[in-house]
Each structure stands twice: as C-alpha cells, then as structure tokens.
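Here are a few short exercises to work through with the structure open. Try each one before reading its solution.

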Amino acid sequence: MLLSGRGSNLQAIVEARLPIDIVAVISNRPQASGLDYARAQGLTTLALDHAAHADRAAYDAQLAEAIERHQPDLVVLAGYMRVLSAAFVARFEGHLLNIHPSLLPAFPGLKTHQRALDEGVKVHGCTVHFVTAQLDHGPIVVQAAVAVRADDTAESLAARVLVQEHRIYPQAIRWFAEGRLVNKCGHVNLKDDFTSQSVFPS
Ligand code: GRF
C-alpha cells in the first residue's frame, strides 16, 4: 500500500476486513498521517522520503526494491501523490491499482472536484483503475457516480465522492484477491459474472 497523506482509503480497506494481508504501508512523505494510522494498526510501515533522492528514477528504483522485499501480489496506490516513472509502472503493471477522484477519462490530474464544478458537470465520481504509463488512464475496474448539486463547493463534492471511494476501493481489491478481474484488451470485467462495475448514488 502506498500513500502520501491522511490514509482514509487505507482505513476503509482495513475496516473492510478483506481476505488479504497488508504486507507493508509505504509513504513518500514521512509525516503522512496515514503512516500513524498504519502503525496503530500494527502494520509494517516505511517512510521513504522522495526529497532525499536525486530524481524520480532514483527514487522509484528504491521504492520498487522496498516493495519487492515484501513480494506483494498487488500494489495499491491509496492517495499516493507522486507521478510514477514508466520503469516503475512496467515493473508492476497488472498488479498496480489506483483510485482517482473523478469519472475517468474526465479530469485526470489534480483539483478534480473544482474542475468538475468549473465545467458544470452534473455527475461526478471516482474510479479504480489499473495503472499504466499514461497518468490516470489505465483499464477501469469500477466507478461510482455522485450527483452534483447546485450549491456544491469543491469541499462538499469531495466529501461525497470520498464516501464512494471508500466503497469501491475495498470492492475492487476484493475482486482482485479473488482472482475475478479479467483484463481483455484494456477492458476489465468480472470473471463469469455480469455484475455491474458501477455504483450510483442511492
Ligand atoms: C483520494 O481522494 C484519492 O482518490 C486521491 O487522493 C485522495 C487520498 O485520500 N488519489 P486518503 O489519503 O486516502 O484519505
């Protein structure tokens, strides 16, 4: 599990009691409060400060080594706020999941909630996807939609999207752990199952 900040997605994943072992929680920011949460849960943690490395390639090589020491089946980006190098992605491709706070392919990058409001979209949301070298653009596993309200601010919209993030990320990881995700030509479906991989506001 990789994170940079408060780790609310990590918390949702822990609380979902999935049939997985979280073998390590690694942060590029030593002060990330998500690390405190992980430590309190008794998880193995590592702070690998990106500022202490010469460049992205050097950092990502160290990060990849640290991850491989734990031999995970899946690397989960849970609010990991650094662009990954192509070499890193190639090393873990197919085993690297991210959650992004928009309905991709709309609004890749940062400040997604404000940009959604600026565009006047009526539906916004979040996406779990496999990571590829193209930023916020890999095969989509599951999405959740949130209706935009006329009086929304970036903060109020972010809060409703976050609730959905906490639903769909554990779900996606469960599917992966159960070996049910099938990626055919960049389209991810559930093995032998036509369950909808979309969640709408109730
Ligand atoms: C989430 O909104 C996630 O979609 C984005 O960064 C935020 C991380 O939040 N990639 P948290 O650290 O999991 O609370």
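**Exercise 1.** Which domains does the domain assignment give for the protein chain?

Solution. First, a note: this is a predicted model, where local features need pLDDT of at least 70 and side-chain atom pairs count only at pLDDT 80 or more, while totals for chains, interfaces and linings use all residues. Residues are numbered from 1 along each chain as its sequence is written, and side-chain values use heavy atoms, with hydrogens and water left out.

Now the split: the assignment, automatic or from a database, gives domain 1 (1-92) and domain 2 (98-202). Their C-alpha centres lie 20 Å apart. The contact between them (heavy atoms within 4.5 Å) takes 19 residues from domain 1 and 16 residues from domain 2.

**Exercise 2.** Find the residues around the ligand.

Solution. Pick residues with a heavy atom within 4 Å of the ligand. You get R6, G7, S8, N9, G79, M81, I99, P101 and E165. Next, look at where they come from: each of domain 1 and domain 2 supplies at least three residues of this shell.

**Exercise 3.** Which atoms of the ligand pair up with N9, I99 and E165?

Solution. Look for N or O pairs within 3.5 Å. Start with N9: one of its backbone N or O atoms lies 2.9 Å from an oxygen atom of the ligand. For I99, a polar backbone atom is 3.2 Å from a ligand nitrogen atom. With E165, it's a side-chain N or O atom, 2.8 Å from an oxygen atom of the ligand.

Notes. Polar contact = N/O pair within 3.5 Å; in protein donor to acceptor, adjacent residues only side chain to side chain.
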